[in-house]
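Biologist: I would like to learn how to read the boundary between two domains. Could we walk through an example together?
Modeller: Gladly, let us look at one.

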Amino acid sequence: MKPLTGLNRFFRNLPTHLAIVTMCVLWIIPTLGLFITSLRPREAVRTSGWWTVFRPQVQVGETEYRTYCASCHGVDGDAIAAADLSDPAVVSAYPRSNRLLTMLRRDLESGPHLVDPPLPAEPNAALEVLSPIVTYLQTLSGINPEAERFTLRNYADALVGYKGSQDYLTDCEQGVVSTLAKFDCDASDLLKPEGMGRAFVNTLIMAIPSTILPIVFAALAAYAFAWMDFKGRQWIFALLVGLQIVPLQMTLVPIARLYVQIGLAGTFLGIWLFHTGFGLPYAIYLMRNFIGGLPREIFESAYLDGANHWTAFCKLVLPLTLPAIASLGIFQFLWVWNDFLVAKVFLSTHPVLTVQVTNLIDPRGANWHILTGAAFLSFIIPMIVFFAFQRYFVRGLLAGSVKG
Ligand code: HEC
């Protein structure tokens with residue numbers, strides 16, 4: 001057969017490459033969009049899409065509003081002494097369109113403040129119209145909105161769980177007391193119970209033992225199932241495999257009631273045990289296949305050399321099954337990290353990230369800019385885990401099919 005030339009190979013692999021590239025693009029675009037959105041000021045998030053950051057910014061001073069405003073307020077904004085728009089202190093009282101909207105809806109002596117063109121009656125449309133005016137005012141007064149094209153304020157809001165009408169950092173600077181009642185405006189806010197910062201810590205405390213415990217037990221049990229002789233071994237193993245199909249939801253009520261009786265309700269120990277229990281059947285099954293597949297000879301020679309089960313497990317099995325342990329660990333960790341239901345039911349007193357995100361949602365959908373930051377905070381660790389261990393991830397996907 002003619003050896004494949006470079007070009008030939010290129011064309012033969014082209015469909016695969018195209019598929020992979022398409023999948024990457026499909027994944028990356030929304031992620032990038034979310035990331036960019038999370039870095040934009042909330043006003044910008046509300047009024048325009050994230051892709052607009054790639055457009056050059058509109059020059060301030062062009063639209064009809066600006067000439068219109070200047071007709072009374074003057075080109076520099078300081079023609080009316082009582083309403084000096086060039087004064088940063090005045091303008092910073094209108095950080096967002098909805099405040100300005102209330103102001104501009106007010107009538108002046110000669111008639112409505114804004115007549116040409118009139119403000120749309122529909123609130124969202126009006127806000128959209130006003131957002132460039134906010135920018136205009138900020139530029140006029142020297143509060144430079146350009147510098148605020150990207151900001152970490154959404155992350156600050158998400159970390160402390162702040163739901164005020166302005167963002168947390170601004171309110172702290174200005175000392176707006178009413179919404180700040182629960183906050184101290186220092187580092188201690190990062191661990192306030194309603195913030196993502198606290199939830200992050202809670203999730204780590206919840207997830208790490210919930211990953212390690214089932215793997216430790218599964219490895220030990222799998223060793224026993226594979227290399228120790230005891231009565232009913234096959235039956236117990238078959239039972240375990242069968243247990244995998246028990247739906248998690250079915251056990252919520254009995255276990256919740258049990259936990260209340262024995263005082264484990266709402267404790268980390270309770271959720272560790274729950275995740276361990278539910279992780280075990282599959283983990284044992286996978287590890288048993290892997291450990292059972294190790295060559296019999298190495299165990300026989302080890303036993304001949306006087307090794308007991310414990311040394312065989314530590315010195316032989318653990319090093320040889322590291323890839324399986326790693327892939328299992330990744331899957332269990334991701335599952336536990338992303339779990340909502342179990343955490344909501346058993347750990348409501350220590351909200352984890354998935355639960356806290358839902359606490360941050362405003363029922364009227366007003367503060368969804370916080371969610372962008374919150375979403376990113378909650379999937380940063382899974383992303384790191386995934387990219388750090390992607391080798392094992394693929395192996396883990398194949399582990400069941402090849403070994404089993
Ligand atoms: C018809 C003349 C006129 C026009 C046009 C006009 N304003 Fe005003 N504006 C006033 C007067 C007079 C006041 C002060 C009266 C008051 O405080 O109620 C004022 C007050 C304000 C204030 C409040 C300032 C403060 O001290 O809190 C803001 C903000 C403002 N105008 C913004 C605008 C913007 C933006 C435009 C253009 C869209 C505009 N105005 C167009 C006359 C005008």
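Biologist: How many residue pairs are in polar contact between domain 3 and domain 4?
Modeller: In this predicted model, five residue pairs, both partners at pLDDT 80 or more, are in polar contact between domain 3 and domain 4. Salt bridges between domain 3 and domain 4 number zero.

Biologist: Which kinds of residues make up the side of domain 3 that touches domain 4?
Modeller: That side of domain 3 has five nonpolar residues, two polar ones and two charged ones.

Biologist: And how is the size of an interface often given?
Modeller: Often as the accessible area that is lost when the parts come together. Here, domain 3 and domain 4 bury about 850 Å² between them, and carbon and sulfur atoms account for 62% of that area. Tyr155, Ala158 and Lys163 supply 52% of what domain 3 buries against domain 4, more than any other three residues. In terms of contacts, nine residues of domain 3 meet 13 residues of domain 4.

Biologist: Where do these domains sit in the chain?
Modeller: Domain 3 covers 151-190 and domain 4 covers 196-403, while domain 1 (6-38) and domain 2 (53-149) precede them. The C-alpha centres of domain 3 and domain 4 are 36 Å apart.

Biologist: What is the radius of gyration of the protein, set against a compact globule?
Modeller: The protein has 30 Å, whereas a compact globule of 404 residues would have a value near 22 Å. Along the principal axes, its C-alpha atoms fill a box of roughly 100 × 75 × 35 Å. Its secondary structure comes to 20 helices and two strands.

How values were computed: Residues numbered from 1 in each chain as written. Predicted model: local features only at pLDDT ≥ 70, side-chain atom pairs only at ≥ 80, totals over all residues. Heavy atoms only, no water. Domains from an automatic or database assignment. Contact = heavy atoms within 4.5 Å. Buried area = accessible area lost by both parts, 1.4 Å probe. Salt bridge = Lys/Arg side-chain N within 4 Å of Asp/Glu carboxyl O. Polar contact = N/O pair within 3.5 Å; in protein donor to acceptor, adjacent residues only side chain to side chain. Nonpolar A, V, L, I, M, F, W, Y, C, P; charged D, E, K, R; others polar. Helix = DSSP H or I, 4+ residues; strand = E, 2+ residues; numbered from the N terminus. Rg over C-alpha atoms; globule rule 2.2 N^0.38 Å.
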